Amino acid sequence: MPRYGAQLMDRRLLSDQAYDVLLRRVVRGEMAPGERINVDAIAEELRISRTPVREAVTKLSWMRFASVERNARTMVAEWTAEDMRHRLIVVGRLAALMAADPELPLDELGAAVEGAEDVDAYLGAIEYLVGRASNRVAAHAVADHVVPLRMYFDVLESAHGITCRASAGEREEALRAMRAGCASGDRQAVGIAVNAYTELLAAALRAAEAPV
């Protein structure tokens, strides 16, 4: 008979899987704002119990992708491209803070984004920081937001034909500065480059006037 700890881990894994499914559907627009989130139907579809689905919906609510009405009906929350831009700015500022960690191996950060380009390199750097930074509060906050951001950038291109990768010369320059800072061990330069890239990408998002 499995121990309680093992049962809890299994439930959390199921909750994480349900959250990923629901988040992807919300970000892709497959579940529209105002649409009811039917826990029973989702649990049946995913072939899991209602408990991990409820936990996934709770996390969606924390992340402002779901809302609970007074009558206990849970629905997909209203959200916009501007909301995603704000998430990006918060993630970028926290990432710059994590990059200043004196215990963080900058050479490994540089290696983590080697070969990647533009948005993929930027998000890859942030995901590396989440896994290695000693500031766990910042890392936890960033981890929660970087997943929907990556999904959103994918949706912009695949579903709407909008790319933030066009005319990215200044962003490439910021990435080069970040890599140079990693190579030289200059943490301040890395932080400045991360902030610069974040502002440029946020501006590109605004200019795209991306639909949800």
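Helix H6 spans residues 118-132, and Asp118 belongs to this helix. The structure is a predicted model. The relative accessibility of Asp118 is 5%, and this residue therefore counts as buried, the cut-off for that class being under 20%. Its side chain is paired with another: a polar contact of 2.5 Å joins the side chain of Asp118 to the side chain of Tyr197.

From this buried charged residue the description passes to the nonpolar interior. The largest nonpolar core holds 65 residues, and within it Phe65 and Leu109 touch the most other members. Helix H7 contributes ten residues, the largest share of this core. The surroundings of Phe65 can be set out in detail. When residues up to four places away in sequence are not counted, Phe65 touches Leu23, Val26, Val27, Leu60, Met75, Val76, Ala77, Trp79, Met84, Arg87 and Pro148.

Attention now turns to the space left open between the atoms. Rolling a probe the size of a water molecule over the atoms reveals where empty space remains. The largest pocket encloses about 210 Å³. Eleven residues line this pocket, and those nearest its centre are Ser15, Asp16, Glu55, Lys59 and Trp62. Three helices each supply at least two residues of the lining: H1 (4-28), H3 (50-62) and H7 (136-158). Helix H7 thus appears in two settings, supplying ten residues to the largest nonpolar core and at least two to the lining of the largest pocket. By chemical class, the lining of the largest pocket comprises five charged, three polar and three nonpolar residues.

Terms used:
Residues are numbered from 1 along each chain as its sequence is written. This is a predicted model: local features need pLDDT of at least 70, side-chain atom pairs count only at pLDDT 80 or more; totals for chains, interfaces and linings use all residues. Side-chain values use heavy atoms; hydrogens and water are left out. On a 1 Å grid over the protein atoms alone, a cavity is a set of points where a 1.4 Å probe fits but cannot get out, and a pocket is an open set with protein on both sides within 12 Å along at least five of seven lines; lining residues have an atom within 4 Å of a point. Grid points are joined across faces, edges and corners, and a volume is the space filled by probe spheres set on the points. Helices (H or I, at least four residues) and strands (E, at least two) are DSSP runs, numbered from the N terminus. A nonpolar core is a set of buried Ala, Val, Leu, Ile, Met, Phe, Trp, Tyr and Cys residues joined through side-chain atoms within 4.5 Å. Buried means under 20% relative accessible area, exposed over 50%, partly exposed in between (1.4 Å probe, protein chains only). Contact means heavy atoms within 4.5 Å. A polar contact is a pair of N or O atoms within 3.5 Å; within protein, one must be able to donate a hydrogen and the other to accept it, and residues adjacent in sequence count only if both atoms are side-chain atoms.
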